[in-house]
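I opened this notebook to record what I looked up in one structure. The entries follow the order of my inspection.

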Amino acid sequence: MVSKGLLRLVSSVNRRRMKLLLGIALFAYAASVWGNFVNMSFLLNRSIQENGELKIESKIEEIVEPLREKIRDLEKSFTQKYPPVKFLSEKDRKRILITGGAGFVGSHLTDKLMMDGHEVTVVDNFFTGRKRNVEHWIGHENFELINHDVVEPLYIEVDQIYHLASPASPPNYMYNPIKTLKTNTIGTLNMLGLAKRVGARLLLASTSEVYGDPEVHPQSEDYWGHVNPIGPRACYDEGKRVAETMCYAYMKQE
């Protein structure tokens with residue numbers, strides 16, 4: 001009898017111990033799950049917060065960057081080094097307009113006149129000219145660059161005009177023959193009108209193409225040429241011939 005009672009007591013104690021151990025295990029598991037959940041929530045909140053801060057920082061950067069660019073441009077304009085420029089008195093310094101001044105010939109002429117101390121205004125529509133050819137003068141007090149097509153009238157006060165505007169390479173002037181004709185005719189007419197209005201002297205850059213397919217080499221100025229007015233390159237040849245005729249007519253007419 002004693003042994004049976006003792007066995008029941010031991011069994012009862014073991015069951016309680018098992019329940020206690022099971023309870024402890026369940027509690028530990030729940031604590032572990034809760035801890036992971038808390039960690040995940042913390043990481044998620046932190047990620048959301050960081051992403052929000054990144055978005056705000058990105059927006060601020062978008063606003064601030066253009067301002068930084070402007071500041072850098074201003075600093076560059078104050079510290080930019082120009083080629084050496086000769087000083088001329090107000091009496092000797094000329095106000096000079098160069099059409100097509102961003103082209104090959106025009107940009108070198110710009111350099112020469114700027115270094116001689118004159119005030120130079122370059123007009124170009126950048127069809128074949130390039131801004132980089134004259135950008136080393138941008139910001140100089142004697143220099144101005146105007147994006148303008150000479151087919152449209154230009155109102156400016158100048159003492160001299162170098163009229164170089166026109167595509168000069170066959171692929172370029174044959175690309176748009178009507179535009180080439182208008183540049184050399186209407187553009188020249190506008191420059192002659194400007195020169196007459198302000199009393200400026202004008203130099204026209206012509207071409208040996210006015211002689212067409214010459215039969216005389218080299219060509220003298222009294223040679224009339226051997227031309228084809230409807231040939232594939234006639235837009236340039238005839239445009240320059242008309243430009244020369246207009247210059248001569250303006251010179252002869254009071």
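**Entry 1: The loop between β5 and α5**

I began with Pro218, which I located in the loop between β5 and α5. I noted that the peptide bond joining His217 to Pro218 is cis, with omega at about -15°. The model I am reading is predicted.

**Entry 2: Overall layout**

I then listed the elements of the chain: there are five helices and five strands. Read from the N terminus, their order is α-β-α-β-β-β-α-α-β-α. Of the 254 residues in the chain, 30% are buried. I also looked up the contacts with a separation of 6 or more, and found that 70% of them join residues 24 or more positions apart.

**Entry 3: Helix α2**

I turned to α2, which has twelve residues. I recorded 17 Å from its first C-alpha to its last, close to the expected 16 Å. Its buried residues are Gly106, Ser107, Thr110, Asp111, Leu113 and Met114. I checked what covers them and found β1, β2, β3 and β4 among the elements involved. After α2 comes Gly117, for which I noted a positive phi near 100°.

Which residues does Thr110 touch, not counting those up to four places away in sequence? I found Ile98, Gly101, Val120, Val122, Val134, Trp137 and Phe143. Thr110 has a relative accessible area of 0% and therefore counts as buried, the cut-off being under 20%.

**Entry 4: The loop between β2 and β3**

I looked up Phe126, which sits in the loop between β2 and β3. Phe126 is not a glycine, yet its phi is positive, at about 60°. Its relative accessible area is 22%, so I entered Phe126 as partly exposed.

**Entry 5: Nonpolar cores**

I found 13 residues in the largest nonpolar core. Leu97, Val158, Ile161, Met191 and Leu194 have the most contacts inside it. The element that gives the most to this core is α4, with four residues. For Val158, I set aside the neighbours within four places in sequence and recorded contacts with Arg95, Leu97, Val198 and Ala200. A second core, separate and of eleven residues, includes Met114, Val120, Val134 and Leu164.

**Entry 6: Helix α5**

I compared the length of α5 with expectation. Its 19 residues should span 27 Å at 1.5 Å a residue, and I noted that the end C-alpha atoms are 26 Å apart, which agrees. Among its buried residues I listed Ala234, Tyr236, Lys240, Ala243 and Met246. The buried residues of α5 pack against α3, α4 and β5.

**Entry 7: The largest pocket**

I last examined the largest pocket, for which I recorded a volume of about 570 Å³. How many residues line the largest pocket, and which lie nearest its centre? I found 28 lining residues, with Thr128, Leu164, Ser166, Pro167 and Ala168 nearest the centre. By class, I entered eleven nonpolar, 13 polar and four charged residues in the lining. The elements α2, β2, α4 and α5 each supply at least two residues of this lining. The largest share, three residues, comes from α2. Two earlier entries bear on this pocket: Leu164, one of the residues nearest its centre, also belongs to the second core.

Technical notes:
Residues numbered from 1 in each chain as written. Predicted model: local features only at pLDDT ≥ 70, side-chain atom pairs only at ≥ 80, totals over all residues. Heavy atoms only, no water. 1 Å grid on protein atoms, 1.4 Å probe; cavity = no way out; pocket = protein on both sides within 12 Å on 5 of 7 lines; lining within 4 Å. Points joined across faces, edges and corners; volume = space filled by probe spheres on them. Nonpolar A, V, L, I, M, F, W, Y, C, P; charged D, E, K, R; others polar. Expected span 1.5 Å × (residues − 1). Buried < 20%, exposed > 50% of the residue type's maximum accessible area, 1.4 Å probe, protein only. Contact = heavy atoms within 4.5 Å. Core = buried A, V, L, I, M, F, W, Y, C linked by side-chain atoms within 4.5 Å.
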